[in-house]
Amino acid sequence: MESYPLPLLPLGLVLFFGRPLDIIILFSFGIYKNWEVVQLFVNAYLNPTIVIGSAKASTALFYLLQLTRYFLGIKRISSSDNFPIKPLFFPCRTSHVRMFPSKHGFGYSYLLTGVPVGWEGSVGGMISEDDGKEQAPWYLRLFSLNPGDAWYTVNGDDYLNRGHVEGGLQGKLRKYLEGQGIDPKQYAHAYLVTAARFLGYASNPLSVWYLYSSSRELSALILEVNNTFDERRIYFVEPDRKSEPNSSTPSSLSKPRYTSAWTKDFYVSVFNSRAGSYSLAAYDPFFPNLSSPGTINSTVTLSSPEGKAKLIARIYSVDDQIDPATMSVWQKTRFLASWWWVGLATFPRTIQQAVIILFKKKLPWVFRPEPKGTTIARHADESELFIEFIFRRYLRELVGNSRDALRIRYIPAGLHDISPEVIMSSSAQLAEGAANELEIRVLTPIFYSRVIWYPDLLDGIMTEHHESSTISISSTDLLSKLERGWQECPPLALRGSLSFKLISALRTRPAPIICLDEPKSPPPASTIPSGKEASQAGASSLDHFVVMHSSAPERKEYTSRLLRLLITEHIALGWTELLDLEIFILRCLTLWVVARAVF
């Protein structure tokens, strides 16, 4: 009995300092280690017949509730509207044919959803767009009679530029066109054809916006391309129109074919670089004049820099369009049973074809370059968001301390709101139009997780601009005018002092990101400190700013996130997911030792 307190000490530490997952894992190990005792307890105090009967009854009631929710959902009254074209389903098929260096082709079924831009609501419980309904968590909706969202949803926040805009799809389209210097009034009608979210999940490589004039003629297209790295490129295309007579019905109107071409500057496939060009051949699915809908038929050809067709991708209708407002309950059920899996299978199909091309066709792997300024970067992770917050504050401090008349236009990356922020020095605020203007555009959120490695932040900005293209600066000369004020840091608590010393010890200059399709010239030698200078720098200028101008909780979070990023690079190949796995394994081993000692 006297030996019990010592084994209970690690148990108390886990219960006091551990996370809920740690406690669950610990007691799971305890149950596993004492499985025979658990079985004896269950046999002595629980009646298996009652347990099984209760489980069957609960399962039957749960299925009955879900069936009721299903019928309530698909029998909902459709929203009224006055749009010339209704929300529709387009059963399609997509095909990809690679011409060289190794021939390869494949095709599979694909479901597109079309919605008129500006319409809001739900139709037949099947398609909803920007309905604005507040949704409870999914686990609460399962036990509610409220059917929730439609099966296929289109939300304006998922399209065009990142972030939320009032007005949903229509607001997003208006803001995008105005940002391109285009008057939205030119296009009285718009229709979006996309792979809608199914039960909240979407894998959407391409969305097409059809823009129509007031006379209901197709005037422009917006092609919204997404890659598997959460990056997006938007192409605004004003295609040429060519009439093609319908040979089968000579008396009918000629169906125009719309064509266009543009330079490729977006990384889509791991087997294609950013070199080359695209050409488009598409038909108006609502010709003529937004009348009764026809079919989807679009072809995109990727050509090599020499002009030779390299990859031909096509998407086309395989059946008539489907209006969910006219579908019966049985037709909706059959439709869902036939198409529910298609969107979920898009990404696995992509992986399958990539494996075939890599190992069977033996095409070389093209590593992903960091995006250009025309690309919408991926979402930033939590650490990058926090560093961006500190970086923005530091930039304001630098500009505020500058003696020159400077006006800086800072454009972040990876945030939900990437609207530019204009930062002006005191001299620029007093001057009338005489300030020097500098644009600092972050091209990818990885900049924030790389710039913390540099002892001098301005040197890091300069180096990342010249070597790695993670940031773009309009003038390096103006950047050098920002003053680096330096004051003696106040004394820190032991934990904070040790954290900053460990960060300084782990910090090394990152290797440049090599971009093979666009090699960069090295930065001027004067902007790069030598290894000796870097090692003698100690805390970086950003560290110094955090110590001087941040609260204790912010300093704690800053050191925690930086240590995580630096340690990840040293022991987890730069992958935070791998570091999380290593930590989880270590925690499990520790908890197993505790479980053996306690139980």
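Of the 599 residues in the protein chain, 42% are buried. The model is predicted, and the chain in it has 18 helices and 20 strands. Its accessible surface comes to about 32,300 Å², with 59% of that belonging to carbon and sulfur atoms. Take the contacts between residues at least 6 apart in sequence: 68% of them join residues at least 24 apart.

**The nonpolar cores**

Let us start on the inside. The largest nonpolar core holds 43 residues, and Ile 452, Leu 479 and Leu 482 have the most contacts inside it. Helix 9 (residues 382-401) supplies the largest share of this core, with 8 residues. Apart from it lies another core, made of 35 residues, including Trp 119, Tyr 152, Phe 335 and Ile 376.

Leu 482 is a good place to look around. Once its neighbours within four places in sequence are set aside, Leu 482 is in contact with Leu 395, Leu 398, Val 399, Leu 406, Ile 408 and Leu 458.

**Aromatic pairs**

Now for the rings. The count comes to 30 aromatic pairs, and a pair of aromatic rings is described by the distance of the centres and the angle of the planes. Two of the pairs are set out here.

| Pair | Centre to centre | Angle between planes | Type |
|---|---|---|---|
| Trp 151 and Phe 198 | 5.8 Å | 25 degrees | stacked |
| Tyr 394 and Phe 545 | 5.3 Å | 70 degrees | edge-to-face |

Trp 151 sits in the loop between helix 5 (138-141) and strand 5 (152-154), while Phe 198 belongs to strand 7, so this pair ties together parts that are 47 residues apart in sequence. Trp 151 has a relative accessibility of 23% and therefore counts as partly exposed. Phe 198 is buried, its relative accessible area being 9%.

In the edge-to-face pair, Tyr 394 lies in helix 9 and Phe 545 in helix 16 (residues 541-549), so parts that are 151 residues apart in sequence are tied together. Both Tyr 394 and Phe 545 are buried.

Ring pairs also build a cluster, which links Tyr 70, Phe 71, Phe 89, Trp 151, Tyr 152, Phe 198, Phe 335 and Trp 339. Trp 151 and Phe 198 of the stacked pair are thus met again in this cluster, and Tyr 152 and Phe 335 are also among the residues of the 35-residue core.

**A nonpolar patch on the surface**

Moving outwards, there is a nonpolar surface patch of about 760 Å². Tyr 201, Trp 340, Trp 341, Leu 344, Phe 347, Ile 351, Val 355 and Phe 359 make it up. Helix 7 (329-344) and helix 8 (346-360) are the elements that give two or more residues to this patch, and the largest share, 4 residues, comes from helix 8.

Tyr 201 joins the patch from the loop between strand 7 and strand 8. Its relative accessibility is 34%, which means that Tyr 201 counts as partly exposed.

**Ser 203 in the loop**

Ser 203 also lies in the loop between strand 7 (197-198) and strand 8 (206-212). Is Ser 203 buried or exposed? Ser 203 has a relative accessible area of 18%, and because the limit for buried is under 20%, Ser 203 is buried.

Not counting residues up to four places away in sequence, Ser 203 touches Tyr 110, Ala 195, Gly 343, Thr 346 and Phe 347. One of these, Phe 347, is a member of the nonpolar patch as well.

Key. Residues are numbered from 1 along each chain as its sequence is written. This is a predicted model: local features need pLDDT of at least 70, side-chain atom pairs count only at pLDDT 80 or more; totals for chains, interfaces and linings use all residues. Side-chain values use heavy atoms; hydrogens and water are left out. Buried means under 20% relative accessible area, exposed over 50%, partly exposed in between (1.4 Å probe, protein chains only). Contact means heavy atoms within 4.5 Å. A nonpolar core is a set of buried Ala, Val, Leu, Ile, Met, Phe, Trp, Tyr and Cys residues joined through side-chain atoms within 4.5 Å. Patches are made of residues with over 30% relative accessible area and no salt bridge: like charges are joined within 9 Å, nonpolar side chains (Val, Leu, Ile, Met, Phe, Trp, Tyr) within 5 Å. Accessible areas come from the Shrake-Rupley method with a 1.4 Å probe; for residues, only the protein chains shown count as cover. A salt bridge is a side-chain nitrogen of Lys or Arg within 4 Å of a carboxyl oxygen of Asp or Glu. Rings of Phe, Tyr and Trp (its six-membered ring) pair if their centres lie within 6.5 Å; planes under 30 degrees apart count as stacked, over 60 as edge-to-face and the rest as tilted.
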